[in-house]
Structure formats: C-alpha cells, structure tokens
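User: Please take a close look at a single part of this model, the surroundings of one short helix and the loops beside it. Set it in the context of the whole chain and its partner.

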2 protein chains.
Amino acid sequence: MSNNINSNEQFLKSEKNDGKEKVPTSRDSRVKVFAPATVANVVCGFDVLGFAVNEPGDEVEMQLTDTPGVIIKQITGDDGRLPLDAAKNTVSASVQHYLQHINRLDIGVEIKLHKKMPIGSGLGSSSASTVAGLFAINKLMGDLLTPTELVPFAMKGEELACGYGHADNVAPALLGGFVLVRSYDPLDVISLPTPAGMFAAIVYPEVDVPTKDARQMIRSKILLKDAVTQWGNVAGLVSGLFMNDFDLIGRSMKDVLVEPTRSILIPGFEDMRTIAMENGAIGFGISGSGPSVFSLTKDEETAQKITELQQQHLTNLNINSKAFVSSVNAEGPRVL
Amino acid sequence: MSNNINSNEQFLKSEKNDGKEKVPTSRDSRVKVFAPATVANVVCGFDVLGFAVNEPGDEVEMQLTDTPGVIIKQITGDDGRLPLDAAKNTVSASVQHYLQHINRLDIGVEIKLHKKMPIGSGLGSSSASTVAGLFAINKLMGDLLTPTELVPFAMKGEELACGYGHADNVAPALLGGFVLVRSYDPLDVISLPTPAGMFAAIVYPEVDVPTKDARQMIRSKILLKDAVTQWGNVAGLVSGLFMNDFDLIGRSMKDVLVEPTRSILIPGFEDMRTIAMENGAIGFGISGSGPSVFSLTKDEETAQKITELQQQHLTNLNINSKAFVSSVNAEGPRVL
C-alpha cells in the first residue's frame, strides 16, 4: 500500500530525538484530500462487503498548527446539519484517536470539511468524511500507518455517526475497489479484485431513512435455509469478482434477508429494479441501509441511461432525487 | 469440460437414423470408472461448498447389454449393507434417470459396484458411487452431457440415499477440486481454483452418525449476527482459494453454526482439532455431517503426521478409525 517506510523511520527517529518538536519540518503542513462514497453490502454481503466509487465523495482540507488540539474550522455543503464541536464530529474525533494512538497529542490540527455528497443517503457519507480526515492526517504524518491500519480509527468515527462501528463503508473508502470484511474480531479486511470497466449507477431518492432505524427493522433471528441462500450468493459474488464474470456477479446479487424489509422504506424500489434490469444492469439493490439504490453496469452509457429512467420514475412519483454515474474507485482516497 | 462435441453429433445422428439401434457400434460397451470421496461444507460453507480428494473413492464397472433395463450385478466391499434392488440402489436409480432423460430406455446396463470407502462416514460415500455410475454411463454414451449437466442426476441419487437431494458432495465429485453450489433453484455450480500442493488429512472414527440425524440436530432458526460471521468466512475461504492464500483459507475455516452441535457426536473432536492445529494444519473441521474429520495441509508430510497422531488419540479412546492422506482431486472421476 502507500506506507512509506523511509518517512516512517525518519519520523519515528525525530520523535525519539525531540518529543517536543511539533511537526517534522521537512514535511508539508497542509493537505487537501478526497475520499470516496461507498456502497455497503453489495446486495448479498450484509455487513461484510462494500465498494468505493469515484463520485460522489467528500473533501477535507487539513492544516497543522502550533496549538495542540483538533478543531473543525469550517464545514461547507452540509446545510448546517453536522456538528462543529470537535468531540462530536466524526472527522475530528477520529483524527484525535489517531493522534492519541501515535502519541502526538502535542500537534494542532485545523479541519475544513467540504460535504460534496448527500448526508443520510446510504452512500457512506460519514465514512467518506472520516476517511478523508484520517487519510489527510496520516499523509501529514508521513504515511505512518497503512490504509488497512487506518480502518479501526475510521470505525470509531462510524460508531459516533451511527451508533455502530461497522467497517463495510470505511474499509472500501480507505482501500478502494471491492472489499471484504471477513471478521470484526479480530478485524480482517481483504481487498477483492475490481472488474475492469465496471460502472455504478446510483440514485438517491431524497427521503429520510436513518441508518439506526433501518438496522432496527432487520430481524435478529433468521431461517438457516435463507442464510444458506445468502452465503451461496456471497460466495458467488466474490467468485465473480475474481473470475471477472459479470453474469455470475449479477446472478449472485440477491438478498433474501434484508432487502425485503428495507426496500419498503424506498419509494419506487421494485420499479427502479425493473428499469435497471430491463436496461442492461448486471445487478441492482439498496446501497447500505438506503434510501439510495445502485446498479452495477458494464459501461458508462448503460449506467447513464438507467439513472435517467429511474430519476424520471421518481419525478413521476413527486420525489426529488440525485444521481451519480461513476466507475468503481480502485485506489481509495487521493490527495487533491 | 470433457464433453466431446463430435461424438455427440455422431451419436445424435445415429439415434435419428435408427431409433431402435441399442448402442452405437463404434463405441466401447464396457468401462470401469473411479469417482472420488468428497468433503462437503469445508467448515464454513454449509450446503454450498465441497472438495474432492484422490483417495478414497468408489469404482463402478459398467457393461452395456441387449436386454433393456438397469441391473446391479454385484456389490463388493459393502458388507452387504447396500441394496441390490436396482430401484433402491442410488447408482442404478440415477443411471436409470439418465437413460430416461436421453430417451434411451431401450439400453441394457449391468453394474458392478466396488465400495472402496466407508459407508456413512461423512465422506460422500453414496455420492462417489452415484457419480462413478453416471460418469460411466455418460462415457459409454459418448459424453453426451457435461459433468455439470450430470449434477442434477447425481442429486436424485443423493435424495434416495439420504432423503435430501443436496449437491455439495456430487458436484465436487463430478467436477473435481473445490466447488461452490451457489444456488439450488436454479442449480448454479461454480468450479473454484484448487491451490497447488494442498493435501487433505482425513480421519474416520468408526462410530455411526447417519446424515439424517446429523441434519436434524441443526437449528432451523439462527442469529443474524452468527450468519454474518459465517458468510464473512465463506467469502474469506473463497477469496483464499482464488488468492492461493493458505493463511486466509485457514482463518476462514470457522463454523459458529453447525460445528458446535455436530461435533458433540464425534469422539475426541476438540483434541483432534488441537492435534491438527498444533502440527501445522491450515484448518480443521467436520467432513460433511461427520463423523469423519479433515485437515487441510500445505504438504503430504504434515497430513501424514496429523492423521497418525489423531488415530493414536482415537486408539487411546478405544475407538477404531481409518485414515486417508490425499492431494485434492482436481479433475473429478476418471476411467480406469
């Protein structure tokens, strides 16, 4: 990954020589980072699968200062919905965790967060912000940790944002591409291959489905036979990614457990599925806990057509929507 | 696969020209086939995963005759436990299904079944016999169907043998290697890669665990959180096979759902696990519904050592056992 061993060694050495030195002088004190939106679950992989897209995503500008402590200096694009209080904001709180971990609470950090994607949309909005912040501070610290090592810090942010420290958004946002969270205890995150040319067609119907409520709708006990169906499909989807087999990926994108309940909260869900599948989608489903829906396609043109028709359908239902057509993000966050 | 298009065309043509012709004269009327034992579930993939081994396995000798009908002429190695009645024997019954399907009930078939593996051991004993028979008749018919197309006929045999037409033994027995049964309706069988050099260390404690009873012990309702753990592991195991990552395969070979119940029926189970893991196994678990256990290893020597120590442990418990050390079978059944 992007872990730069030489800088690490320099950094650790300078820390040993002079613990009071605020920031290593040879390094930039300012960075701007983009982190991607993510589609968690990927239909059949509830809580274990996710992938990142190149659009939308959030941006974080970070400036190191001489005044210890992490502060949120500005948030744009959130309509005042996100907390400026550094203890309550997921970006600052996870950066704080990071600094604590590397034993650099002497550092001052000023954060500007630019929300470039809808909040509460099921596209990993909090994850994108948190990951942008962590990627930025890690960059300023000389890539001290690998992207995989940043996952637990980002999970802390998710816990703050939605009451549950899940990894199926933050792991793909940090690593890019399709990611499997095999296990939470111990945390075991596996990068899966991303089929070349794959596009995501995302439509966000502007209705409110808070993650917490969406989770509570899911039954805690399920039928073993449904679970068997589900893990057959999870295994099929993973195989399809490795085999570059779009048809197998599509056949595997079925969810007998969560979708039947969650889709009730999404207006026009079944019609949007029909539109997607009749217009060449590989597969279709809910992004994370919704209300956004996504289709995977073999090319940009198909994705474009599907989002247009789905948005038209939502307009007919008097529901505003936003659409995003994007290739699958293969590399995770990037410095702007 | 081994589907020979030219012979098929010849066969179909000769059938069209003369429906009364019993067997195509240009083809052998006799064949002897080996079909492999199989390890179903592979710990985390209950009802969806399995793999084949090169030893043990069953042999079928098949002779075409002029007298329509399928008969069992001889069974050896079964201690008189298997039915000679062609309607009740899984080999003859599935061959009969096959002949019905290809509309050749005019053909006569004599079968000799040589059981070379223990019955009721959890190693796909009925599956090995059935698959050997189907592979043999298909060979004599000029490879009219592909191995994948034979799976449904073999499932009919499983239904007769254990009251449940599962595919996680017959599919790997027919296709070789690791196989995913993604879906039963419609049937969707995927060949997974077999990591080079992988060995299986199998120990069969000679106690009786009928498949039907073993299935009935499993709860029909499970916790969603356990299911999530399970499908994370299934996805991890499949990824490990594609990535040739023995460590990931091992980390994924965990079963929180079925093993805790089924292992109760297997004497010395936890001790055999300790022996396996302390002596270099990649992973360890129950083969199918037991009582056989298996370890995956990186080489033959490790597999040999593990089976010896496990058998010694069973001897100390006054339990007779059989052991098999074998490479993973990559090609399925073979003509002898």
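Analyst: A residue counts as buried when its relative accessible area is under 20%, as exposed when it is over 50%, and as partly exposed in between, with a 1.4 Å probe and protein chains only. On that scale, buried residues make up 59% of the 336 residues in chain A. The model is predicted, so local features need pLDDT of at least 70 and side-chain atom pairs pLDDT 80 or more, while totals for chains, interfaces and linings use all residues. Residues are numbered from 1 along each chain as its sequence is written, chains are lettered from A and ligands numbered from 1 in the order written, and side-chain values use heavy atoms, without hydrogens or water.

First, the setting. Chain A has eleven helices and twelve strands, which are DSSP runs numbered from the N terminus (helices H or I, at least four residues; strands E, at least two). Its radius of gyration is 20 Å, close to the 20 Å that the globule rule gives for 336 residues, so chain A is as compact as a globular protein of that length. The radius is taken over C-alpha atoms, and the rule is 2.2 Å times the number of residues to the power 0.38. Along the principal axes, the C-alpha atoms of chain A fill a box of roughly 65 × 40 × 40 Å. A contact means heavy atoms within 4.5 Å; of the contacts in chain A with a separation of 6 or more, 73% are between residues 24 or more positions apart.

The part to look at is helix α9 of chain A, residues 259–262. Glu259(A) lies in this helix and, at 8% relative accessibility, counts as buried. Which residues is Glu259(A) in contact with, leaving aside its neighbours within four places in sequence? They are Val43(A), Phe269(A), Arg273(A), Phe284(A), Gly285(A) and Ile286(A). Strand β9 spans residues 283–286 and helix α10 spans 269–278. One member of the contact list, Gly285(A), is 26 residues from Glu259(A) in sequence, with 7.8 Å between their C-alpha atoms.

Another contact of Glu259(A), Val43(A), comes from the loop between β1 (30–40) and β2. Val43(A) has a positive phi of about 75° although it is not a glycine, and with 5% relative accessibility it counts as buried. Strand β2 itself covers residues 49–65 and contains Pro56(A). The peptide bond from Glu55(A) to Pro56(A) is cis, with omega near 0°.

After α9, the loop leading to α10 holds Pro267(A). Not counting residues up to four places away in sequence, Pro267(A) touches Pro205(A), Val207(A), Met272(A), Leu314(A), Leu317(A) and Ile319(A). Of these, Ile319(A) is 52 residues away in sequence and 8.2 Å away in space, C-alpha to C-alpha. Between α11 (300–316) and β11 (321–327) runs the loop that holds Asn318(A). Asn318(A) is not a glycine, yet its phi is positive, near 60°. Is Asn318(A) buried or exposed? Asn318(A) is exposed, with a relative accessible area of 72%.

A second cis peptide bond joins Gly290(A) and Pro291(A), with omega about 0°. Pro291(A) sits in the loop that follows β9 and leads to β10 (293–297).

The partner chain comes next. A rotation of 180° with 0.0 Å of shift along its axis superposes chain A on chain B, at an RMSD of 0.0 Å. The two copies are thus related as by a two-fold rotation axis; the superposition is by least squares on C-alpha atoms of residues with pLDDT of at least 70 in both. The same surface serves both copies, since 100% of the contact residues of chain A recur in chain B.

A residue of chain B that meets chain A is Asp188(B), in strand β6 (residues 187–192). Its contacts, apart from neighbours within four places in sequence, include Leu248(A) and Arg251(A) as well as Leu180(B) and Ser183(B). At 9% relative accessibility, Asp188(B) counts as buried. Elsewhere in chain B, Ser129(B) lies in helix α3 (residues 125–140) and is buried, with a relative accessible area of 2%. Ser129(B) touches Asp58(B), Val60(B), Val91(B), Leu113(B) and Lys115(B), residues up to four places away in sequence not being counted.
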